[in-house]
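Biologist: Please take one part of this model and look at it closely. I would like the strand pairing, and whatever adjoins it.

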Amino acid sequence: MISKQKNDRCRQLTEKIRALLADGTQADETVYTYLISILSNPSLNKIKKVILDESNTERDSLVDLLLFPDEAFQLKIEPFLARYSFTITEEQHVIRLLSTAKPSAIIHLPAFNGNLHLYPTPSEVRQLIKRLNITWKVEKTVHRAIENHITPARQSLVSVRLRNTNLDLATNTPGTRFLCRFLDVFDDAGEEFFEYFDFIVDFLGRMPAETPYQVLMSEKRRLVMALQQTIKFEQLLTRGNIETLMLQGVRAPAGDTDYFRKSIAIIDDIALALFNRTESDFL
């Protein structure tokens with residue numbers, strides 16, 4: 001049993017989500033790529049037939065993709081989520097409330113000059129709410145750093161991207177201090193801010209209990225080795241083909257030289273800005 005106050009905010013959040021679904025969301029490039037992969041010459045009628053046919057093996061995956069909340073959807077509820085802390089019990093209550101409301105969702109498909117009308121099942125509602133990660137709460141020092149150093153128009157986007165990672169940012173840990181320092185030093189008005197921010201967030205998700213600088217340099221060493229292997233692989237490709245190399249036990253690299261060089265440059269920029277140093281003796 002939850003209190004009247006908590007019940008009220010659960011109902012408010014439920015109504016906001018229901019209204020957003022009814023207003024409609026626009027399918028992104030991922031949806032189009034998937035549709036092309038499962039349908040030959042996809043059309044609006046073909047897509048509707050797949051959705052209506054519960055025996056179609058592609059139906060559930062397609063609906064799951066269409067109902068996936070994108071950043072535009074999340075940005076509209078983030079200010080509300082930022083004001084409250086939702087527990088697991090309250091999350092379950094929101095799921096029940098939205099399922100009972102039997103929401104309808106409109107998906108805009110500009111490439112097909114039309115819309116789709118979906119009626120999420122209780123299990124699809126549950127998946128939607130789980131993906132919104134409403135029980136996650138930004139750590140207080142990170143919250144202050146966002147408020148103090150990020151322009152108001154971008155604060156919700158920073159919070160949404162942190163929420164999507166579900167980072168466990170405990171108070172006064174190296175990772176939390178590192179993120180706060182980054183938000184303090186890097187100008188969010190810069191064109192590359194979110195490229196650097198996304199790198200930092202991914203990095204923090206993998207960072208062991210060491211000082212951030214040491215881990216950054218370890219990551220740089222790994223990327224330098226990968227770059228060197230990629231350069232060697234590309235040189236081998238000029239003298240043979242990938243099938244021959246695979247038979248010889250040579251593995252294709254996980255990225256191309258541009259990716260590794262860019263990642264190394266990002267680490268150097270972050271290290272110089274936050275620690276006023278970087279290492280290059282292993283280059």
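Modeller: Two strands count as paired here if DSSP finds at least two bridges between them. Keep in mind that the model is predicted. Strand 2, residues 105-109, and strand 3 meet that rule with five bridges, in the antiparallel sense. Within this pair, I106 faces H117 of strand 3.

Now widen the view. The sheet is open and has three strands. Their order is 1-2-3, and the pairing is mixed. Strand 1 (25-26) and strand 3 (114-118) are the edges. Each has a single partner strand, so one side of each lacks a neighbour in the sheet.

Next, the helix packing. Helix 3, residues 44-52, lies across strand 2 and strand 3. Its direction makes an angle of about 5° with strand 3.

Go back to the edge at strand 1, which covers 25-26. T25 also helps to line the largest cavity. How many cavities of 30 Å³ or more are there? The count is one. About 60 Å³ of space lies in the largest cavity. Besides T25, its lining takes in L21 and L128. The stretch L66, L67, F68, P69 and D70 contributes too, as does F73. By class, seven of the lining residues are nonpolar, one is polar and one is charged. With Asp classed as charged and residues such as Thr as polar, D70 is the charged member and T25 the polar one.

Notes:
Residues numbered from 1 in each chain as written. Predicted model: local features only at pLDDT ≥ 70, side-chain atom pairs only at ≥ 80, totals over all residues. Heavy atoms only, no water. 1 Å grid on protein atoms, 1.4 Å probe; cavity = no way out; pocket = protein on both sides within 12 Å on 5 of 7 lines; lining within 4 Å. Points joined across faces, edges and corners; volume = space filled by probe spheres on them. Helix = DSSP H or I, 4+ residues; strand = E, 2+ residues; numbered from the N terminus. Contact = heavy atoms within 4.5 Å. Axes fitted to C-alpha atoms, helices over the stretch in contact; angles between N-to-C directions.
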